[in-house]
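Trainee: I am new to this structure and would like to know how its descriptions are justified. Can we go through some of them in turn?

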Amino acid sequence: AVTGQNIANINTEGYKRREAKLEEVTGSQGGVTSLPDQTGLGVRVTDINRSFDQYLLDRARTATSSFEKLDVFVDQLKELENMLLPDKGSLGAQIGSFFDSLREVAASPSDIAPRAVAIEQGKALSAGFNNYAVQLEQLLANTEAVMDDSIDTINLLSNQLADINGRIMAAGQSGQSPNSIYDLRDKAVTDLSKLTDLTVSYSGRGVVTVKLGSSGVGPTIVDGKNSTMTGVRKTSSGLQPVIRFGGEDVATNQISAGMAGGLIDANKAIMGALKDINHLAALMSQEMNSQHRQGITLDGEAGANMFSNKTMNLSTGISNRSDVAGELFISDPELLPLSELTATYSKEDDIWTMSGVDLDAPLRGSRQIIGPGFTLRFNGEAAAGDTIHLSTLTGAASGMRFLLDKPQQLAAASG
C-alpha cells in the first residue's frame, strides 16, 4: 500500500516519499522456563514515516528565493531596457534634433523657416520628456501593483500555515504522524519562499515557526496558531515592507529575496531612471532658459523662458514620529536648486536645519527657512529627528512644456 501510494503521488506537488516502519511480532509469553513459539509470526506496520531533510529543504528554499528575485527583476526591467536603448525615436535623438535645429537658426537668424522647424523640434522634445515620464510612472505603478499582490499572497500563506500548525497540534495528540498535513505545511512554506526569503524552524511535533529574512533575527510572521500581517508602503525612496504589530506599521528591511525582493530592487531601478530623466529635464530647462533670456527676438524684445518654469514638491519623512507638516512658497522658480533638500529637526535646539548639494551652506530656522527662490514654513509640533524633503525634480519631465509658439519669439540675436 505504501509503495503504491508513493508511485501514485510521484508527480504530486509537495508530496514526500513514505516508508513503512516495521516491527517484529512477538509471540505470547509462556512460563518462566518455557520458550514461546514465534514461528511464522513475522512483522507488522507500526507507523508510516515521511522522508524529510530540513537542511536540504532550507537549501532548496534559499535557491528558490534567489531565483524568483532575479526572475521577477528581469521581467520588470525588460520594458525599461527597451525604452532606454538608443534608437531613432529615443530621447537622445530628440535632443540632438533640437540642437541641430537651433544651429540652423544660428546660421540664418533672420530666416523664418529654420525658426519654425526649431519651434516644432522644441515641442517634440518636451513631448518626448512627457512620454518617457509617463512610461516610467506606468512601470512604477505596475511594479507597485504586483508588489501589493505579492504581499496579499504572503499574508494568505501565513494564515494558511498558522491553520496548518493548529491541525498538526490536534493530530499529534493521537500519536500518529499527520504526514498529509506535513505535506501541506512544506508546500505552503515553499510557496512562501518564492515570495520572500525566510528563516524556518520546527518544533518536536513539526509545528513550524517562520521569520522574514535569512538572518534569523527578522520579525516572526508565523508562530504556532498565530500569524502576523505584512504590508508595504510607497515612499519617496522606494517600496518599504512593514510588519503590522498592534495596529502600527513597523518598517523592516529583512525582505531581500523572492518575488518581493526582486520587485523592491526593480522599483528602485525604475525610480532611479525616472529621477535621472527628471534631473535632465530640470537641468535642460534651467540652462536653456538662462541662455535664451540673454538673447533678442526678431521683434527686438528680450528673450523669454523657452521651457516651462520649475516647481518644487514637498514630502514628509517616512520615519517621522509626529504630524508636522510644511507649507512651501515659491518666490523665484529660476533660483530653485536642482538637488534634493532635506530639513531635519533638532528638539534640543528647537531648530530645523536644511542641507543639500546645491546649497553653499546649511540653512537654519525655527518656524521657517528662507532658501534660494523659496520659503518653507513649518506647521505643528515636531519630534526629534523628523524630516521634510523638498525636490524640484519630481514631475519635472512630465510637466515640461515648450513655451514658444511663434518663430519670431526665438531670441537668436545677442543683446
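Mentor: Start with a pair of residues: Gly 326 has Phe 378 in E17 as its bridge partner. Keep in mind that this is a predicted model.

Trainee: What makes E12 and E17 a pair of strands?

Mentor: Two strands pair if at least two bridges are found between them. E12 and strand E17 (residues 374-379) have six bridges, in the antiparallel sense, so they pair by that rule. Another of the bridges joins Ile 330 to Phe 374 in E17.

Trainee: How do you know that E16 and E17 pair?

Mentor: The rule asks for at least two bridges, and E16 and E17 have four, again in the antiparallel sense. Ile 370, for example, has Thr 375 in E17 as its bridge partner. The hairpin of E16 and E17 has two residues between the strands, and in this hairpin Gly 373 takes a positive phi near 85°.

Trainee: Why are E12 and E16 called edge strands?

Mentor: The three strands form an open sheet in the order E12-E17-E16, with antiparallel pairing. Strand E12 (325-330) and strand E16 (368-371) each pair on one side only. From one strand to the next, the twist averages 15°.

Trainee: Why is H3 called roughly parallel to H6?

Mentor: Helix H3 (residues 91-107) and helix H6 (residues 258-292) pack at an angle of about 10°, and their axes are 13 Å apart. Angles under 35 degrees count as roughly parallel, so H3 is roughly parallel to H6.

Trainee: Which residues of H3 and H6 meet, and what is their character?

Mentor: From H3 come Leu 91, Ile 95, Phe 98, Phe 99 and Leu 102; from H6 come Ile 277, Leu 280, Met 284 and Met 288. The contact of H3 with H6 has nine nonpolar residues, no polar and no charged ones.

Trainee: Leu 283 is in H6 as well. Why is Leu 283 called partly exposed?

Mentor: Buried means under 20% relative accessible area and exposed means over 50%. Leu 283 has 31%, so it is partly exposed. Its C-alpha atom is separated by 9.9 Å from that of Pro 337, 54 residues apart along the chain.

Trainee: What makes H5 largely enclosed by the rest of the structure?

Mentor: Of the 15 residues of H5, 11 are buried, so H5 is largely enclosed. Among them are Ile 181, Tyr 182, Val 189 and Leu 192, and also Asp 183, Arg 185 and Asp 186. Helix H5 (residues 179-193) reaches 21 Å from its first C-alpha to its last, close to the 21 Å expected.

Terms used: Residues are numbered from 1 along each chain as its sequence is written. This is a predicted model: local features need pLDDT of at least 70, side-chain atom pairs count only at pLDDT 80 or more; totals for chains, interfaces and linings use all residues. Side-chain values use heavy atoms; hydrogens and water are left out. Axes are lines fitted to C-alpha atoms, for helices over the stretch in contact, and angles run from 0 to 180 degrees between N-to-C directions. Angles under 35 degrees count as roughly parallel, over 145 as roughly antiparallel, 65 to 115 as roughly perpendicular and the rest as oblique. Contact means heavy atoms within 4.5 Å. Ala, Val, Leu, Ile, Met, Phe, Trp, Tyr, Cys and Pro count as nonpolar, Asp, Glu, Lys and Arg as charged, and the others, Gly among them, as polar. The expected span of a helix is 1.5 Å times one less than its number of residues. Buried means under 20% relative accessible area, exposed over 50%, partly exposed in between (1.4 Å probe, protein chains only).
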